[in-house]
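Me: I should like to go through this structure term by term. For each label, please set the value against the cut-off and state the conclusion.

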Amino acid sequence: MNKLVVIDSDNFKLALNAQIYKNDPVVNNVILHVMVCSDGFAGTMDMDVGINNLNQFVKQIHSMNEVIKGSAILKETYGESYIGMEMDKTGHIIVSGYLNTLNHKLDFKNKFELHYLDSFDKALSDTDNWQYFK
């Protein structure tokens, strides 16, 4: 099994792993395994997303890291869950999201320093390390 791509700052952690069904004709052909820990509150879930949406999120993260501004968001195709990041005026990354399963909800907002975005961007670019195909 492949590794996770991770942001691990002082008070926020995000880990992702994508299982991609490349021959699946439906639009939400990726199961994105998500783990979040924000100020001690934590949750895990699987988000159903499309490969195009996942690729767009990776491009948005890369752009934020390159130009030191902007935002990135990844939403479930049919659900309410999402993960978003936005650069603030001081160079910090504001991360927010909502994970929603049948019985539990985690609504979070936190921030981390810019250098964590750089390592996240580099890890995301190594898709063989955190994405696998079925």
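Me: What joins strand 5 to strand 6?

Reply: In this predicted model, a hairpin of six residues makes the connection between strand 5 and strand 6. The two strands run antiparallel and are joined by five bridges. One of the bridge partners is M85 in strand 6, which faces A72.

Me: Why do strand 5 and strand 6 count as paired?

Reply: Pairing requires at least two bridges. Strand 5 and strand 6 have five bridges, and therefore they count as a pair. The criterion is also met by strand 6 (residues 82–87) and strand 7 (residues 93–100), which are antiparallel and joined by six bridges. There, I83 has G97 of strand 7 as its bridge partner.

Me: What makes strand 5 and strand 8 edge strands?

Reply: The open sheet has four strands in the order 5-6-7-8, paired antiparallel. Strand 5 (71–75) and strand 8 (105–112) each pair on one side only, and this makes them the edges. From one strand to the next, the twist averages 5 degrees.

Me: Which helices lie against these strands, and at what angles?

Reply: Helix 1 (residues 51–67) packs on the sheet and touches strand 5, strand 6 and strand 7. The direction of helix 1 makes about 165 degrees with that of strand 5. Helix 2 (residues 114–125) lies across strand 6, strand 7 and strand 8, at about 125 degrees to strand 6.

Me: How do the side chains of strand 5 divide between the two faces?

Reply: In a regular strand, side chains alternate between the two faces of the sheet. Along strand 5, A72 and L74 point to one face and are buried. S71, I73 and K75 point to the other face and are not buried.

Me: Why is the contact between K122 and D118 called a salt bridge?

Reply: Side chains of opposite charge can pair when their charged atoms come close. The cut-off is 4 Å from a side-chain nitrogen of Lys or Arg to a carboxyl oxygen of Asp or Glu. For K122 and D118 the N to O distance is 3.1 Å, so the pair qualifies. A search of the whole structure finds one salt bridge. K122 and D118 are four residues apart in helix 2, which means that about one helical turn separates them.

Me: Are these two residues buried or exposed?

Reply: Exposed requires over 50% relative accessible area, and buried under 20%. K122, at 55%, is therefore exposed. D118 has 28% and is therefore partly exposed.

Me: What makes F112 and Y116 an edge-to-face pair?

Reply: A pair of aromatic rings is described by the distance of the centres and the angle of the planes. The limits are centres within 6.5 Å and, for edge-to-face, planes over 60 degrees apart. The centres of F112 and Y116 are 6.3 Å apart and the planes stand at 85 degrees, so the pair is edge-to-face. A search of the whole structure finds three aromatic pairs, and ring pairs link F12, F108, F112 and Y116 into a cluster. F112 has a relative accessible area of 3% and is buried; Y116, at 18%, is buried as well.

Me: How do you know that Q19 is buried, and what does its side chain meet?

Reply: Q19 lies in strand 2. Its relative accessibility is 9%, and because the limit for buried is under 20%, Q19 counts as buried. The side chain of Q19 makes polar contacts with the side chains of Y21, at 2.6 Å, and Y132, at 3.2 Å. Beyond four places in sequence, the residues that Q19 touches include N29, V30, I31, H33 and K134.

Me: What is found at N17?

Reply: N17 also lies in strand 2 (residues 12–20) and is buried, with a relative accessible area of 1%. A polar atom of the N17 side chain lies 2.9 Å from the backbone oxygen of K3.

Me: What makes the phi of D39 and of I68 worth noting?

Reply: Most residues other than glycine have a negative phi. D39 is not a glycine, yet has a positive phi of about 50 degrees; D39 is in the loop between strand 3 (30–38) and strand 4 (41–49). I68 likewise has a positive phi, near 55 degrees, and lies in the loop between helix 1 and strand 5. With 40% relative accessibility, I68 is partly exposed.

Conventions: Residues are numbered from 1 along each chain as its sequence is written. This is a predicted model: local features need pLDDT of at least 70, side-chain atom pairs count only at pLDDT 80 or more; totals for chains, interfaces and linings use all residues. Side-chain values use heavy atoms; hydrogens and water are left out. Buried means under 20% relative accessible area, exposed over 50%, partly exposed in between (1.4 Å probe, protein chains only). A polar contact is a pair of N or O atoms within 3.5 Å; within protein, one must be able to donate a hydrogen and the other to accept it, and residues adjacent in sequence count only if both atoms are side-chain atoms. Axes are lines fitted to C-alpha atoms, for helices over the stretch in contact, and angles run from 0 to 180 degrees between N-to-C directions. Contact means heavy atoms within 4.5 Å. Rings of Phe, Tyr and Trp (its six-membered ring) pair if their centres lie within 6.5 Å; planes under 30 degrees apart count as stacked, over 60 as edge-to-face and the rest as tilted.
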